[in-house]
Amino acid sequence: MNPVALAQALIRCPSITPADAGALDVLTDALAPMGFTIERPQFGAIGNLVASRGSGTRRLAFAGHTDVVPTGEPAAWSVDPFAAVIIDGALIGRGAADMKGAIAAFVTAASRYLDGGGDGALSFIVTGDEEGQAVDGTARLMPWLADRGWLPAAALVGEPTSTARVGDTIKIGRRGSINGWLSVEGRQGHVAYPTRADNPITRLVRVLARLQAEPLDAGTAWFEPSNFEVTRIEGGEPVANNLIPAEARARFNIRFNDLHSAISLEAWLRAAAEAEGARASWDIRCSGEAFRTEPGPLSAALVGAVEAATAATPTFSTGGGTSDARFIREYCPVIELGLVGTTMHQVDEAVPVVDLHTLTDIYAAFLDRWFAQG
Ligand SMILES: [Zn+2]
């Protein structure tokens, strides 16, 4: 088995969420001959795949997604984004880095492990809904696995975590993220008679200034400082210039570390509004709480594998955006390592062919180490 050919076959399926375009069939055809039992749970419009083989208490799952983000203007690409051509040693195509290349590397590593006589319990948990709403993918696959008693003991997510060289960065957690609207109510009136009105824009600005004035925290040993960021302000009539409006709203995002939770942050927002005497209401959506996987056997096996395959020691990180690890961590320890992510979601997304082989070596060494621990 060759990770490059498999990555090319996957990229040639234009699986822009929610389309599957044959990507999970490619994976099924690769895994079934290796002795994996394949299930294809369909949730809503989304196809998903669970493949498992072997038994035992140290079941290790590789988790990932076959869906990709849109290409943008195809003419901006120097090649067809779904042709998976190799130019100057780089495989170019949508999903090459995020994350069809990593899926191909892990399938190849698993095949190498099994060919070498390995018989550890292995699973693949692959969804077609990571880049979209992420509601009919891993979020539903984990309880689906739990219902059947098929949960793994640990999981590796193949997101493109590497920054300069393959294997240089392992994600051991992720920040949480909240998107929300803050609405402040006032009393409408004529600008010439401000005492008869209550300007909600003034109050909203004061609340926002208060929220910005004090940092949420100074960061921790593992996390960057949490950050509150305003992304939009609305209020007032677009035409009338003599009207104090009745309502003003601000949209915001909070990226937060594990010193906070969605509940504690809502209380923090409420306290700021109360301190400014603002009649405020909130609409908050938490897309993931902050989490960290304590260093242990899982990270030790992966660090050892990277050192063996690349002769360099990886660093641990919790930076960047959210990933499907947020859905897995409630069920088992989860860690993330994949290709270099500098071109992901960009025009001419690409990955050096040599990196696919290096990542395969890392994953294969990781399988050996993880099951040797048992
Ligand atoms: Zn991804």
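# Zinc site, strands and cysteines in a predicted model

User: Why is the arrangement of donor atoms around the zinc ion called irregular?

Analyst: The four donor atoms around the zinc ion subtend angles of 55 to 135 degrees. Four donors count as tetrahedral if all angles lie between 85 and 135 degrees, and as square planar if opposite donors are over 155 degrees apart and all others between 65 and 115. The range of 55 to 135 degrees meets neither condition, so the arrangement is irregular. The model is predicted.

User: Which atoms coordinate the zinc ion, and what makes them donors?

Analyst: The zinc ion is coordinated by His-65 through NE2, by Asp-98 through OD, and by Glu-159, which is listed twice through OE. The distances run from 1.8 to 2.4 Å. Donors are N, O and S atoms within 2.8 Å of the metal, so these atoms qualify. Along the sequence the donor residues follow the spacing H-x32-D-x60-E.

User: Why can the pair Asp-98 and Glu-159 be said to tie together parts that are apart in sequence?

Analyst: Asp-98 belongs to helix H3 (residues 96-115), while Glu-159 sits in the loop between strand E8 (154-157) and strand E9 (169-171). The parts that this pair ties together are therefore 61 residues apart in sequence. Both Asp-98 and Glu-159 are buried.

User: What makes strand E4 mostly covered?

Analyst: Strand E4 covers residues 60-65, and six of its six residues are buried. On one side these are Leu-60, Phe-62 and Gly-64. On the other side they are Ala-61, Ala-63 and the zinc donor His-65. Both faces of E4 are thus covered.

User: How do you know that E4 pairs with E7 and with E8?

Analyst: Two strands pair if DSSP finds at least two bridges between them. Six bridges join E4 to strand E7 (residues 122-127), and these two strands run parallel. E4 and E8 are also paired in the parallel sense, over four bridges. Both counts satisfy the cut-off, so both are pairings. His-65 stands opposite Thr-127 in E7, and the bridge partner of Ala-61 in E8 is Ala-155.

User: What makes E5 and E20 the edges of their sheet?

Analyst: Three strands form an open sheet in the order E5-E6-E20, with antiparallel pairing. Strand E5 (86-87) and strand E20 (350-352) each have a single partner strand, so one side of each is left without a neighbour in the sheet. E5 is joined to strand E6 (residues 90-92) by two bridges, and Ile-86 has Leu-91 in E6 as its bridge partner. Helix H9 (residues 353-373) lies across E5, E6 and E20, running at about 70 degrees to E20.

User: Why is Thr-138 called buried?

Analyst: Buried means under 20% relative accessible area, and Thr-138 has 3%, so the residue counts as buried. Thr-138 lies in helix H4 (residues 138-147). Leaving aside residues up to four places away in sequence, Thr-138 touches Thr-127, Asp-324, Phe-327 and Ile-328. The C-alpha atoms of Thr-138 and Ala-121 are separated by 20 Å, with the two residues 17 apart along the chain.

User: How do you know that Cys-286 and Cys-332 do not form a disulfide?

Analyst: A disulfide is a pair of cysteine sulfur atoms within 2.5 Å. The closest cysteine sulfur to that of Cys-286 is in Cys-332, at 20 Å, which is too far for a bond. The structure holds zero disulfides.

User: Are these two cysteines buried or partly exposed?

Analyst: Cys-286 has a relative accessible area of 33%, between the cut-offs of 20% and 50%, so Cys-286 is partly exposed. Cys-332 has 6%, which is under 20%, so Cys-332 is buried.

User: What makes helix H2 mostly covered?

Analyst: Helix H2 spans residues 23-31, and seven of its nine residues are buried. They are Ala-23, Leu-24, Val-26, Leu-27, Thr-28, Ala-30 and Leu-31. What covers them includes helix H1 (3-11), strand E1 (37-39), strand E3 (46-53), H3 and E7.

User: How many helices and strands does the protein chain have, and what percentage of its residues count as buried?

Analyst: The protein chain has nine helices and 20 strands. Of its 374 residues, 53% count as buried.

Notes: Residues are numbered from 1 along each chain as its sequence is written. This is a predicted model: local features need pLDDT of at least 70, side-chain atom pairs count only at pLDDT 80 or more; totals for chains, interfaces and linings use all residues. Side-chain values use heavy atoms; hydrogens and water are left out. Donors are N, O and S atoms within 2.8 Å of the metal (3.2 Å for Na, K and Ca); water is not among the atoms, so sites may look incomplete. Four donors count as tetrahedral if all angles lie between 85 and 135 degrees; four count as square planar and six as octahedral if opposite donors are over 155 degrees apart and all others between 65 and 115; anything else is irregular. Buried means under 20% relative accessible area, exposed over 50%, partly exposed in between (1.4 Å probe, protein chains only). Contact means heavy atoms within 4.5 Å. Axes are lines fitted to C-alpha atoms, for helices over the stretch in contact, and angles run from 0 to 180 degrees between N-to-C directions.
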